[in-house]
Every structure is written in C-alpha cells, then in structure tokens.
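Here is a friendly walk through one model, going from one helix and its surroundings outwards to the sheets and the chain contacts. Keep the viewer open as you read.

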Protein chains: 2
Amino acid sequence: MSDLSQFVIPRGFRFGATKAGLKQSGRTDFAIIVADAPASAAAAFTANRVKAAPLLIDAEHLRATGNHVRVVAINAGNANCAAGRPGIDAARATCAAAASTFGCKPEEVFPSSTGVIGVPLPAEKIVAVLPELAKNVGSQSDHFQQVAEAIITTDTVEKTAFARVEVTAPEIDGPAEIPQEIRIAGVCKGSGMIHPQLVPHATMLVYLLTDAVIEPEVLDTYLRAAIEVSFNRISVDGDTSTNDTVLLLASGASGAHIGPGNREFAAALNQVCTSLARQVVGDGEGLSHVVELHIHGAVSNSEAVRVAKAIAHSPLVKTAWAGCDPNWGRLMAAIGYSGAQIDPERIDISFGDLPICRNGGRAPEFDETAAHAYIQQPEFSISIDLHQGPGTCKYWTTDLTHEYIRINADYTT
Amino acid sequence: MSDLSQFVIPRGFRFGATKAGLKQSGRTDFAIIVADAPASAAAAFTANRVKAAPLLIDAEHLRATGNHVRVVAINAGNANCAAGRPGIDAARATCAAAASTFGCKPEEVFPSSTGVIGVPLPAEKIVAVLPELAKNVGSQSDHFQQVAEAIITTDTVEKTAFARVEVTAPEIDGPAEIPQEIRIAGVCKGSGMIHPQLVPHATMLVYLLTDAVIEPEVLDTYLRAAIEVSFNRISVDGDTSTNDTVLLLASGASGAHIGPGNREFAAALNQVCTSLARQVVGDGEGLSHVVELHIHGAVSNSEAVRVAKAIAHSPLVKTAWAGCDPNWGRLMAAIGYSGAQIDPERIDISFGDLPICRNGGRAPEFDETAAHAYIQQPEFSISIDLHQGPGTCKYWTTDLTHEYIRINADYTT
C-alpha cells in the first residue's frame with residue numbers, strides 16, 4: 001500500500017544517489033538515472049551563450065548516439081561552468097567512469113551539474129563513489145526520491161510530478177481495444193538564477209521520464225511544446241543560468257507506442273512540466289509571495305509574454321509585492337517599457353477579481369484596503385488586459401525580499 | 001566671496017521654489033525656472049510607452065513653439081502619470097496659471113512631475129502658490145539651489161553640476177579675439193526607478209541651462225550626443241520610468257554663438273551630464289556600492305552596452321556586490337545571456353587591476369582575499385574584455401541591498 005512505485009514510476013529505469021562530498025552541507029549530491037536499454041532522448045539547454053561543460057558534452061553525445069541515453073549522471077554543489085579545459089576533462093572523466101560501471105558507451109552518458117560557477121569539478125570524487133552507487137540502484141519510488149533529494153542546492157523542497165495516460169493507439173502490439181498505460185515522471189531542482197530560456201530553451205535541471213515508445217524526433221516535438229508553456233513561463237530573478245537543462249527520456253518499457261499529435265500524451269506531459277515549473281517558482285529564493293500573471297489582449301502570445309517578463313523582472317514591482325503594497329503604478333511603468341504594443345489609455349488591471357486600473361487610470365471601484373488585503377495572501381493573481389488583440393499568456397513569478405538578498409549576498413564566501 | 005552665482009549660473013534665467021503641499025514630508029515640492037525671454041530648447045523623454053501627462057503636454061508645447069520655453073514648472077510628490085483625463089487637465093491648468101503669472105503663452109510652459117504614479121495631481125495646490133512664488137524668483141546660486149532641493153523625492157542629496165567654456169567663435173558680435181564665456185549649469189533628481197532610456201531616451205528629471213546662443217536644432221544634436229554617454233549609461237534598478245525628462249535650455253544671454261561641431265561646448269555639456277548621471281547612481285536607492293563597468297572588445301559599442309546592461313540588471317550580480325562577494329561566475333552568466341556576440345573561452349575579467357578570470361576560467365593569479373577586499377570599497381571598477389572587436393563603453397550602476405528592499409516595499413502604504 002505504501003509503495004506507489006508500481007503505479008507512478010515509469011518502467012525501464014533505475015535510480016540512485018549518494019554522497020560524493022561536493023556539497024558543503026555533506027548531504028547527498030550525486031544521482032544517477034539508468035535506463036535498462038538506450039532510451040529515446042530529447043533535450044533542451046539554456047540560451048545563455050556561456051554554457052557549462054556538461055551541456056557541451058551532452059549536445060555532443062546526443063549527436064553521436066542519434067539522441068539516445070543510457071545513464072544520466074547529475075551532481076549538485078558544483079556547476080562545472082567557466083572552468084576551462086579542466087571542466088571539460090572532468091565531465092568526460094565522469095562519463096567514462098559511468099560507462100565503465102554500467103556497461104555502455106561514454107557517449108550514452110548524459111552528465112549534468114549545478115552549483116557554484118567558476119570552480120573546477122573534482123571528478124575523482126564522483127568516479128570514487130560510482131561502483132558502490134551502482135550496487136544500490138533500484139526502480140522503486142524511494143529510489144526515485146533519492147534523485148530528487150540529491151540534486152537540490154538552495155532549494156528548500158524536492159520537486160517531483162507524475163502523470164498516467166491510457167492509450168489505445170493502433171500501432172500497439174496486440175488487440176487495439178485493450179488500453180495500455182503510459183507513465184510520466186518528472187524530477188527537477190531550481191530556486192535561484194531562475195529565468196529559464198531554453199533552446200528550444202534551462203540552474204534549473206529537469207528530468208522527465210516516460211515508458212512510452214517514442215522516436216527521438218517525435219519526443220523532441222512534445223518536449224518543445226511542453227517547455228514553451230511551462231519552464232519558459234517562469235522567472236524568479238530574471239537571471240538565465242549557464243546550466244539549465246531539460247531532458248526527456250522514453251524507455252519504451254510500457255510497449256505502448258506514441259506517434260505525433262497524441263493529445264492525451266501531450267496534455268499529460270504539459271501537466272507534469274507545468275507542475276514542476278510552478279514548484280520551482282514556489283520554492284523561489286527568499287520568496288514571500290507567488291504571483292500568477294494573466295496577460296490578455298496582447299497583439300500576440302509572444303507580446304503577452306513580453307509584458308509578463310517585464311513585470312516579473314521589475315525590482316520595483318517585486319518589492320511592492322514583498323511589502324503587500326498595491327502600487328499598480330509600477331505595473332503600468334513595467335508594461336510601458338516592456339516594448340509590447342499598448343495603448344496606455346486602454347489598459348485594465350485587476351488583482352484577482354478586484355478592479356484596480358481601468359482605461360489606464362485608477363478604477364472607480366478601487367479599494368486600497370481590499371487590494372492590500374488581497375495581496376497579503378501568499379499566492380495571488382494579477383490580470384492585465386491590453387485590449388490590443390488575441391494574445392494571451394499565463395506566467396508565474398515571485399516577489400523580491402530581504403531573504404533573497406540574504407541568500408545571495410553570501411553564497412560562496 | 002561666498003556667492004559664486006556670478007561665475008557659475010547661466011545668465012538669462014531666474015529660479016525659485018516653494019511648498020505646494022504635495023510631499024508628505026512637508027518640504028518644498030514645486031520649483032520654477034523662468035527664462036527672461038523664450039529660450040531655445042531641446043528635450044528628451046522616456047522610451048516607456050506609458051508616459052506621464054506632463055510629457056505629453058511638453059511634446060505638444062515644443063512643437064507649437066518651434067522648441068522654445070519661457071517657464072519650467074516642476075513638482076515632486078506626484079508623478080501625474082496613469083491619471084487619465086484628470087491628469088492631462090491638471091498639467092494644462094498648471095501651464096495656464098504659470099503663463100498668466102509670468103506673462104507668456106501656455107505653450108511656452110514646460111511642466112514636469114515626479115513622485116507616485118496613479119494618483120491625480122491636485123493642480124489647484126500649484127495654482128495657489130504660483131503668485132507668491134513669482135515674487136521670490138532670483139538669479140543667484142541660492143535660488144538655483146532651491147530648485148535642486150524642491151525636485152528631489154527619495155534622493156538623499158541634491159544634484160547639480162557646472163561648467164564654463166571660453167569661446168572665440170567668429171560669429172560673435174565684436175572683435176573675434178576677445179574670448180567670451182559661456183556657462184552651463186545642470187540640476188537633476190533621481191534615485192529609484194532609474195534606468196533611463198531616453199528617446200533620443202529619461203523618474204529622472206534633468207534640467208540643463210546655458211547662456212550660449214544656440215539654435216534649437218543644433219541644441220538638440222548636442223543634447224543627444226551628451227545623453228548617449230551619460231544618462232543612457234546608468235542603471236540603478238533597471239526600471240525605466242514613465243516620467244524621465246532631460247531638458248536643455250539656451251537663453252542666449254551670454255551673446256556668444258555656438259554653431260554645430262563646437263568641441264569645447266560639447267565637452268563641457270558632456271562633463272555636466274556625466275557628473276549628474278554619476279550623482280544619480282551615487283544616490284541610488286539603498287546602495288552600498290557604486291560600480292563602474294568598463295566593457296572592452298565587444299563587436300560594437302552598442303554590444304558593449306548590451307553586456308553592461310545585463311550585468312547592471314542582474315539581481316544575482318548585484319546581491320553578490322552587496323555582500324562583497326567576488327563571485328565572478330555570476331558575471332559570466334550575465335555576459336552569456338546578454339545576447340552580445342561572445343566566445344566564452346576568450347573572456348577576461350578584472351576587478352580594478354586584479355586579474356579574476358582569464359580565457360573564461362579562473363585566472364591563475366586569482367586571489368580571493370584580495371578580490372574580496374577590493375570590492376569592499378564603496379566604489380570600485382570591473383573591466384571585462386570580450387576580445388571580439390573594437391566596441392567599448394563605460395557604465396555606472398549600483399548593488400542591490402536590504403535597504404533597497406526596505407525603501408521600495410513600503411512606498412505608498
């Protein structure tokens with residue numbers, strides 16, 4: 001009864017984590033995900049032009065294998081970024097050791113790192129713990145949970161999400177009328193330096209697993225679509241990391257085939273991604289408020305996102321939220337400098353259902369006491385209607401607090 | 001001896017300020033600058049698409065007069081922005097009253113406002129104090145200083161700058177060999193919501209005065225060039241205000257003509273603008289460090305500015321500075337997501353003369369103790385060389401502190 005793994009964990013994968021001595025805290029800091037056979041893979045990496053060493057290796061390995069992965073090797077506590085040639089060498093040493101341990105090619109290993117930038121990764125610490133770790137991997141939910149724990153850094157909670165889809169696709173081996181179950185599981189970390197711009201856009205690390213049978217190129221299409229409405233719609237501090245990575249692996253162990261355009265699978269993947277993205281925002285460094293922005297009436301969806309990002313990145317808007325201050329003038333300023341097409345005299349703003357601004361000026365019903373009370377809630381929503389077109393988006397962000405300053409003004413020292 | 005006004009204050013202008021009751025603090029909050037005769041004018045306004053009412057009126061008035069101004073009417077305590085029709089009406093009422101008081105056309109009045117957004121300006125308070133204020137205007141340096149005091153909001157100090165130029169231009173009436181003196185004076189306010197993007201780009205208000213004889217179109221060319229290397233090269237919080245304004249008036253009272261391409265005049269104007277811009281950054285809300293960025297080796301100057309802005313707007317970089325943390329990895333991340341053309345392996349970073357990063361990795365000479373000590377200074381410089389081309393820029397910004405959060409999390413409430 002207590003072990004849900006037979007219901008939620010995608011088949012065809014094993015998991016494990018251990019202490020390699022990379023986190024100053026002494027907690028677990030190295031995790032692996034091992035596919036029983038080479039899994040179809042789709043990945044997205046940060047748009048930052050400074051990319052951590054493992055991301056460069058990952059791209060090279062995916063090309064070499066035609067997008068297949070056997071082992072995902074993830075360390076926390078060191079980003080292995082801006083570490084020059086020693087950084088590249090450390091990532092390769094990790095891959096070589098993992099390949100040797102699990103009997104695959106080095107190109108079938110997908111390394112990931114998160115933590116401090118600019119300090120060479122001590123790969124020998126990872127190489128030393130691999131043999132013992134390999135003995136302890138397993139396919140139960142508690143093994144999966146070990147990964148979630150090991151990969152976090154400034155995160156305060158582990159972040160996982162699960163979905164199941166029943167398919168009756170005709171390609172399935174066997175009678176078409178018998179539904180088959182596909183599982184999707186996601187695990188991620190991220191709290192600060194969060195403004196993923198993934199290409200198709202990610203110090204956010206996200207691992208999505210499914211036991212569906214899906215070709216890599218089809219997998220990629222699903223991943224891009226899901227990212228666009230989830231990880232690319234969140235910002236904590238507007239800093240796009242050098243290490244962001246989203247990896248989707250399909251083991252095929254369910255035997256259920258998924259071709260292009262499967263709405264149920266797409267919806268389930270979006271649900272898992274959106275859940276993880278919101279968990280990242282909800283664990284944003286030092287936050288006291290999570291804010292859901294609804295932008296309507298933009299010329300296009302991308303213009304709506306432009307408005308949302310300007311708001312989500314404004315220190316003045318974010319500090320007002322921290323102070324539960326219904327200072328909507330700062331929202332107006334951010335909308336104005338977003339670059340989106342607007343008519344200042346047609347902008348409407350509401351906090352939840354409370355009218356705040358109408359036609360660019362204070363709404364007649366504006367009630368400062370009610371507005372103040374509304375944004376004292378730990379989670380609230382702000383709706384903005386530009387009345388310019390059909391463009392719309394949802395976007396999730398946080399306030400900017402004393403605690404954020406405390407966390408980030410004393411990180412490496 | 002103590003009155004320097006005969007040396008520094010441009011001739012042809014009078015100044016005054018009074019209490020209109022707009023600041024909650026009860027300090028002076030309404031100032032005027034009156035030209036003895038219509039002065040040549042050049043102005044630049046914020047690139048924010050939400051523009052305060054006075055900016056709309058200003059643009060209209062400058063068009064109507066062929067860029068001439070008699071009276072500048074500046075209030076602090078209320079931005080008169082996002083206040084709908086009542087905001088426009090309030091600005092017009094101020095102009096009408098000032099025109100009546102000083103015997104000019106309403107179109108010759110240039111209104112400015114700074115303060116809280118979204119609250120209609122009570123113009124009647126300004127109209128009520130104008131007659132008495134008109135009796136007390138004067139051309140001495142203490143009158144000029146009154147303007148500097150009245151226009152500040154969250155600023156902690158008044159900001160002024162002065163320059164003198166000797167010209168022997170042949171157009172001057174009289175013997176060409178006799179040098180004539182031109183004076184330039186500037187006064188400004190600005191502390192938060194500072195990331196002027198003036199068009200040609202400015203809650204920063206800047207008033208520049210000279211007694212040179214200069215045609216408006218020539219004046220405009222000098223102003224644009226000066227803004228580009230001063231006010232458009234600073235950021236406190238990355239929020240571009242709805243009210244930013246830079247106004248340059250030339251009274252002609254010196255009798256000295258300035259045509260296009262006068263290097264001495266351009267250099268003096270640049271000096272005044274750069275001094276004011278650095279004073280704004282130096283008074284940035286809550287700062288504990290002022291940072292001068294030197295970007296070298298960009299493909300172009302605009303690419304260099306792009307890199308500087310990404311760094312200046314990064315909460316992670318700014319909080320590291322607040323903590324005197326030499327975390328140069330955050331600089332690398334910001335450079336990487338700036339969008340500028342870079343090669344991560346060719347980036348060099350130094351703090352002052354201290355090598356920090358070379359070829360994208362930690363410099364061999366990196367000395368964390370020395371780096372930490374260097375950025376404990378209240379003002380320090382960071383140099384970044386991209387080795388991509390001839391593009392360069394200087395840029396001034398601040399750190400992000402607890403005090404910034406305190407100031408902005410409790411502003412209107």
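In this predicted model, the cover over the buried residues of helix H10 of chain A includes helix H8 (301-312), H9, S12, strand S13 (354-358) and S15 of chain A, together with S4 of chain B. Helix H10(A) is mostly covered, with 10 of its 10 residues buried. Those buried residues run from Trp328(A), Gly329(A), Arg330(A), Leu331(A) and Met332(A) on to Ala333(A), Ala334(A), Ile335(A), Gly336(A) and Tyr337(A). Just after the helix, Gly339(A) has a positive phi of about 90 degrees.

With S4 of chain B among the covering elements, the contact between the chains is a natural next stop. Here 53 residues of chain A are in contact with 53 residues of chain B. On the chain A side, helix H9 (315-322), helix H10 (328-337), strand S14 (361-362) and helix H12 (402-408) each supply at least two residues. Which of the elements gives the most to this side of chain A? That is H10(A), with 8 residues. Sorted by class, the side of chain A that touches chain B has 23 nonpolar, 23 polar and 7 charged residues.

Now for the sheet in chain A that holds some of the strands just named. This open sheet of 7 strands has mixed pairing and the order S9-S16-S11-S15-S12-S13-S14. Its edge strands are S9 (234-235) and S14 of chain A, each of which pairs on one side only. Within the sheet, strand S12 (residues 348-351) and strand S15 (residues 379-385) of chain A run antiparallel and are joined by 4 bridges. Phe351(A) faces Ile382(A) of S15(A) across this pairing. Helix H7 (residues 263-282) of chain A packs on the sheet, where it touches S9, strand S11 (290-298) and strand S16 (391-398) of chain A. The direction of H7(A) makes about 40 degrees with that of S16(A).

Strand S16 of chain A also holds Cys393(A). Is Cys393(A) buried or exposed? Cys393(A) is buried, because 21 other C-beta atoms lie within 10 Å. Leaving aside neighbours within four places in sequence, Cys393(A) is in contact with Arg233(A), Ile295(A), Asn301(A), Ala304(A), Val305(A) and Ala308(A). Arg362(A) makes a handy reference point: Cys393(A) and Arg362(A) are 31 residues apart in sequence, and their C-alpha atoms are 24 Å apart in space.

Another strand of chain A deserves a look. In strand S2 (residues 30-46) of chain A, 14 of the 17 residues are buried, so S2(A) is largely enclosed by the rest of the structure. The pairings of S2(A) are set out below.

| Partner of S2(A) | Sense | Bridges | Residues facing each other |
|---|---|---|---|
| S1(A), residues 13-18 | antiparallel | 6 bridges | Phe15(A) and Ile33(A) |
| S3(A), residues 68-78 | antiparallel | 7 bridges | Ala39(A) and Val69(A) |
| S10(A), residues 245-250 | antiparallel | 6 bridges | Ala42(A) and Leu248(A) |

Turning to chain B, 7 strands form an open sheet with mixed pairing, in the order S9-S16-S11-S15-S12-S13-S14. Strand S9 (234-235) and strand S14 (361-362) of chain B stand at the edges with a single partner strand each, so one side of each has no neighbour in the sheet. Inside this sheet, strand S11 (residues 290-298) and strand S15 (residues 379-385) of chain B pair in the parallel sense over 7 bridges. His296(B) stands opposite Asp385(B) of S15(B).

Finally, chain B offers a helix worth tracing by eye. Helix H3 (residues 84-102) of chain B has 19 residues and reaches 28 Å from its first C-alpha to its last, close to the 27 Å expected at 1.5 Å a residue. Its buried residues are Gly87(B), Ala90(B), Ala91(B), Thr94(B), Cys95(B), Ala97(B), Ala98(B) and Thr101(B). Why do the buried residues of H3(B) line one face of the helix? Seen down the axis of H3(B), they fall within an arc of 165 degrees, so they line one face. These residues pack against helix H2 (53-65), strand S3 (68-78), strand S4 (109-116) and helix H4 (123-135) of chain B. Just after H3(B) comes Gly103(B), which takes a positive phi of about 65 degrees.

Notes. Residues numbered from 1 in each chain as written. Chains lettered and ligands numbered in written order. Predicted model: local features only at pLDDT ≥ 70, side-chain atom pairs only at ≥ 80, totals over all residues. Contact = placed C-beta atoms within 7 Å. Nonpolar A, V, L, I, M, F, W, Y, C, P; charged D, E, K, R; others polar. Expected span 1.5 Å × (residues − 1). Buried ≥ 20, exposed ≤ 12 C-beta atoms within 10 Å, placed from the backbone. Arc of directions from axis to C-beta. Pairing = 2+ DSSP bridges. Axes fitted to C-alpha atoms, helices over the stretch in contact; angles between N-to-C directions.
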